[in-house]
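Trainee: Could we go through the ligand sites and the internal spaces of this model together? I would like to begin with the ligands.

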Amino acid sequence: MAKQSGPSNIAVIGMEWGDEGKGKIIDFLAEKADVVARFNGGNNAGHTIEADGKKIVLHLIPSGVMHKNKLNIVGNGLVVDPKVLLQEIKFLEKNKIRISPENLVISENAHIILPHHIEEDRKVGGTIGTTARGIGPAYTDKAARIGLKVYEFVDENIFKKRFGDEEFYQEYKNYAEALKPYMNDTTTIINYAIDKSKKVIFEGAQGTLLDIDHGTYPFVTSSNCTAGGACTGLGISPKKVQSVMGVCKAYKTRVGMGPFPTEITGAVGEKIQKIGKEFGATTGRQRRVGWFDALVGKYAVMVNGIDSIALTKLDVFTTIEKLNICVAYKYKGNILKNFTTNMKVLQSCQPVYEEFDGWWDDITKVKSYDKLPNNAKKYLRRIEELLKVPISIVSVGPKREQTIVARSEFLF
Ligand code: GDP
Ligand code: IMO
Ligand code: MG
């Protein structure tokens, strides 16, 4: 049967607290894409890709770089640490991935992270467990209208006038020179690509519950990680976003502080943490793990307008005897069916679970949805039912080929 024609652009959004496997899914989708455009965050992100015998963690550069002849865009919505970006380019070149202004462009309107932002984050970020990369302070300067944009950074006169007396000036002047060739008018470039019906991926960093407006504030990051961020972070109209794919894990994880109603403590939690190798791709911190939370899932579907779900790390559940899905919260004798960002409620509510039987078969080589164990399919079907959104991709391992397409109409 001929494949129904899919969308020409897809926004890929984290449905939880980040690290859902966005990097892996975007790399998989990028094979058929022309452009991969990141729209938010900075090097607080760590997007892991395992393909072509390599394992790469990207912090700023979009997840399309493992494929040749794709245009990767760093949008205006990002805060860019120039030192980290240049290191990342070098690291990729060492891995035989060539980076040039042909395959990487950086928005002239993105903001620059400078050493004092990192220093400030190290001093104050501890209270919410930030990645200490200077993200919050750089976005603070942006909102306060005292930030430094990329085009100002690479303009010798402007940069010197503003920061010529600073200790870091000489070092950063060299970074500015090196970044200059990559700078471009990314807003015009991406709108042109969309209008020419090029296949475009809007790459989100972090996740819905880390969004500055819609997340579990104040335990959030400082940018909009939700689908709306794709518009503001790239300069495109909401009318042009054709489809939204939510990436979610078979279970939940969270790095840093903040409430986590379905957090699993004890032996089962440790087992999932160990099998799932739940250590942060950016800071190496242990990630907290929790059961699937349908309230979080429904909330992410609503806020982002998710059309289909890419569900990752299903393989990690193999040999876990009993699985839980949270279907409601109990709070002060009441049953809550909808997620809330009210910290008071989140901190003291009790999850209400439905229990599912696990499976013992190794699923890491399964290629089609039908071949998954029945108990795995039951678990997935219940998630689809609760979230009222189909699962289009099931990921059964970190490698590109460990990806099952369940509903191809949501892909390119
Ligand atoms: P991102 O920030 O959303 O891109 O996710 P990260 O890269 O920070 O974390 C996801 C981790 O899970 C990485 O180590 C991936 O290699 C790994 N991963 C992704 N999908 C799967 C999967 O289906 N199974 C397993 N076992 N690991 C996966
Ligand atoms: P990716 O794109 C997971 C978390 C931090 C901290 C909070 C604020 O890989 O999914 P920040 O440094 O942004 O001010 O920290 O947000 N955080 C992430 N957690 N994945 C990420 O990115 C994250 N980026 C930030 O741990 O709790
Ligand atoms: Mg990550």
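Trainee: Which helix and which strand each supply at least two residues of the shell around ligand 1?

Mentor: They are helix 1, residues 22-30, and strand 3, residues 47-51. Please bear in mind throughout that this is a predicted model.

Trainee: How many residues surround ligand 1, and which are the closest?

Mentor: The shell holds 20 residues, and the closest are Lys22, Gly46, Thr48, Asp315 and Ser395.

Trainee: How does that shell divide into nonpolar, polar and charged residues?

Mentor: Four are nonpolar, eight are polar and eight are charged.

Trainee: And which backbone atoms lie by an oxygen atom of ligand 1?

Mentor: Gly21 places a backbone N or O atom 2.8 Å from an oxygen atom of ligand 1. For Lys313, a polar backbone atom is 2.9 Å from an oxygen atom of this ligand. A side chain takes part as well: an N or O atom in that of Asp19 is 2.9 Å from an oxygen atom of ligand 1.

Trainee: What percentage of the area of ligand 1 does the protein bury?

Mentor: The protein buries 92% of the 580 Å² that ligand 1 exposes when taken alone. The space that ligand 1 takes is the second largest pocket.

Trainee: Now to the other ligand. Where does ligand 2 sit?

Mentor: Ligand 2 occupies the largest pocket. Its surroundings comprise 20 residues, with Asp19, Lys22, His47, Thr131 and Thr221 as the closest.

Trainee: What is the make-up of the shell around ligand 2 by class?

Mentor: There are ten polar residues, seven nonpolar and three charged.

Trainee: Asp19 has come up for both ligands. What part of Asp19 lies 2.8 Å from an oxygen atom of ligand 2?

Mentor: There, a backbone N or O atom of Asp19 is at that distance, whereas for ligand 1 the contact involves the side chain of Asp19. Ligand 2 also has an oxygen atom 3.2 Å from a polar backbone atom of Val255. From Arg285, a polar side-chain atom lies 2.9 Å from an oxygen atom of ligand 2.

Trainee: And how much of ligand 2 does the protein bury?

Mentor: Of the 550 Å² exposed by ligand 2 taken alone, the protein buries 98%.

Trainee: Let us change topic. How many cavities of 30 Å³ or more does the structure hold?

Mentor: It holds two. The largest has a volume of about 50 Å³, and the second largest contains about 30 Å³ of space.

Trainee: Which residues line the largest cavity?

Mentor: Its lining consists of Phe153, Val154, Asp155, Glu156, Phe159, Tyr169, Lys173, Ala176 and Glu177. Helix 6, residues 156-163, and helix 7, residues 169-179, each supply at least two residues of that lining. The largest share, four residues, belongs to helix 7.

Trainee: What classes of residue are found in that lining?

Mentor: Five residues are nonpolar and four are charged, with no polar residues.

Trainee: And which residues line the second largest cavity?

Mentor: They are Ile10, Ser243, Val244, Met245, Asp307, Ser308 and Phe410. Strand 11, residues 243-249, gives the most to this lining, with three residues.

Trainee: How do the residues of that lining divide by class?

Mentor: The lining of the second largest cavity has four nonpolar residues, two polar and one charged.

Conventions:
Residues numbered from 1 in each chain as written. Chains lettered and ligands numbered in written order. Predicted model: local features only at pLDDT ≥ 70, side-chain atom pairs only at ≥ 80, totals over all residues. Heavy atoms only, no water. Near = heavy atom within 4 Å. Polar contact = N/O pair within 3.5 Å; in protein donor to acceptor, adjacent residues only side chain to side chain. Areas by Shrake-Rupley, 256 points an atom, 1.4 Å probe, with all protein chains shown as cover. 1 Å grid on protein atoms, 1.4 Å probe; cavity = no way out; pocket = protein on both sides within 12 Å on 5 of 7 lines; lining within 4 Å. Sits in = over half its atoms within 2 Å of the grid points. Nonpolar A, V, L, I, M, F, W, Y, C, P; charged D, E, K, R; others polar. Points joined across faces, edges and corners; volume = space filled by probe spheres on them.
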